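Please follow the packing of this chain from a single residue outward to its helix pairs and its nonpolar core. The sequence and the model are shown here.

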Amino acid sequence: QIIVLAADALAGLGIEGLSVDLTVPRLVPSVCAAAGIAYQSMAVLRQALDRKDAPAVAANGGRAAGTLEEFLCATGPAEAALARLDGLDLPSEAAAERTRLAQVMALVHARAPGLKLTLDPVENRGFEYHTGIGFTLFADGVPGELGSGGRYRAQAGGNGEDTEERATGVTLYVETLLGILAVPDAGRRLFVPAEAVHEAARLRGDGWITVAGLETVADSLAEASRLGCDHVLIDGKPVATVDGGVG
C-alpha cells in the first residue's frame, strides 16, 4: 500500500516514467548469520557488497560467498532477479525474506500493473534500521532519488517505558521534487466562510485554492481581502472581489 500510495502521489504531480527499486535489508545478514560469519567481518564484507565488488565479496564472504555473489547477479528488472533468487538454496530466515519479497511484488503488480519494479537484493545504505522490504523511487530522466521507504521498527514511549512498534512509511524528497516540477500558477484564491467550509473540497476539485474561515465573520469581503483572496464564496458561488467590493 505504501509503495502504491507514493507512486500515485508522484504521478499525481505529473511525474512520468516512475520506477521502484526494491531491496531486502535482512537478506544478507540472515545468510551471513547462517554461514557463521563473525560480526567483526561484516564491515569489510558490507563495503564490498555496497560497491558491487565481486572479487572482494568472494574474498571476504566465507561460506556465504557463493550465495552473495549470486545476489550481486540478481540485480535489475524485478521479475528476472526474483527468478534468479528462487533458484538459490537459502537458509530458512533468508528464504522467508524471499517469500515476502515475492508477495510484495505480486501485490504491487496487482494494484499498479504499469509501475516498473527493479530489485537490488544487497542494497543496504539508508536501510540499516529496516526490518522488512525497502524501496527507492526513481523516474526516467530525473537524476537521483525521489523518495524511499519500507518496513522498520519505531521507538515508542508510554507510561515511562520505551517499546518498539512495527511501522511502514515513505519519505518523498521535497527538494528534489521542487527542482523538477514546473512552478505552478498562483491560481485563484477563494475565501470560504466558516459556515460553508464543507464546500471547500468540491471547490478545490474545480481548481480553486481555498482559504477556509476559522470562525464566522461579519464582513466576508473584508476578511477575503485581509487573507489575500481575490474571490469570496457567496451563496455557494465564487464571486470576484475588486478593491474591497464585489466585481
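In this predicted model, a convenient starting point is Glu-97, which, once its neighbours within four places in sequence are left aside, is in contact with Val-24, Arg-26, Leu-27, Thr-131 and Ile-133. Glu-97 lies in helix H7, which covers residues 92–111, and it counts as buried because its relative accessibility is 6%, where the cut-off for buried is under 20%.

Helix H7 also packs against another helix, H6, formed by residues 78–86, and the axes of these two helices come within 11 Å and cross at roughly 155 degrees. Angles over 145 degrees count as roughly antiparallel, and H6 is therefore roughly antiparallel to H7. The crossing of H6 and H7 is left-handed, and the contact is built from Ala-78, Glu-79, Leu-82, Leu-85 and Asp-86 on the H6 side, with Arg-98, Leu-101, Ala-102, Met-105 and His-109 on the H7 side. By class, the residues of this contact comprise 6 nonpolar, 1 polar and 3 charged.

Leu-27, one of the residues in contact with Glu-97, leads to a second helix pair, since it is among the H2 residues Leu-27, Val-28, Val-31 and Cys-32 that meet Thr-67, Leu-68 and Phe-71 of H5. The contact of H2 with H5 has 6 nonpolar residues, 1 polar residue and no charged residues. The axes of H2 and H5 come within 10 Å and cross at roughly 165 degrees, so that these helices, too, are roughly antiparallel to each other, while their crossing is right-handed.

Helices H2 (27–34) and H5 (65–73), together with H4 (54–60), are included in what covers the buried residues of H3. Within H3, which spans residues 42–50, the buried positions are Met-42, Leu-45, Arg-46, Ala-48, Leu-49 and Asp-50. After H3 comes Lys-52, whose phi is positive, near 55 degrees.

Leu-68 of H5 connects several of these elements: not counting residues up to four places away in sequence, Leu-68 touches Val-28, Val-31 and Cys-32, as well as Leu-45, Leu-49, Val-57 and Gly-61. Leu-68 also belongs to the largest nonpolar core, a set of 50 residues in which those with the most contacts inside the core are Leu-22, Leu-68, Phe-71, Leu-101 and Leu-146. Two residues of that list return to the helix pairs described above, with Phe-71 taking part in the contact of H5 with H2 and Leu-101 in the contact of H7 with H6.

Notes. Residues are numbered from 1 along each chain as its sequence is written. This is a predicted model: local features need pLDDT of at least 70, side-chain atom pairs count only at pLDDT 80 or more; totals for chains, interfaces and linings use all residues. Side-chain values use heavy atoms; hydrogens and water are left out. Buried means under 20% relative accessible area, exposed over 50%, partly exposed in between (1.4 Å probe, protein chains only). Helices (H or I, at least four residues) and strands (E, at least two) are DSSP runs, numbered from the N terminus. Contact means heavy atoms within 4.5 Å. Axes are lines fitted to C-alpha atoms, for helices over the stretch in contact, and angles run from 0 to 180 degrees between N-to-C directions. Angles under 35 degrees count as roughly parallel, over 145 as roughly antiparallel, 65 to 115 as roughly perpendicular and the rest as oblique. A crossing is left-handed if the near helix is turned anticlockwise from the far one by less than a right angle, and right-handed if clockwise. Ala, Val, Leu, Ile, Met, Phe, Trp, Tyr, Cys and Pro count as nonpolar, Asp, Glu, Lys and Arg as charged, and the others, Gly among them, as polar. A nonpolar core is a set of buried Ala, Val, Leu, Ile, Met, Phe, Trp, Tyr and Cys residues joined through side-chain atoms within 4.5 Å.
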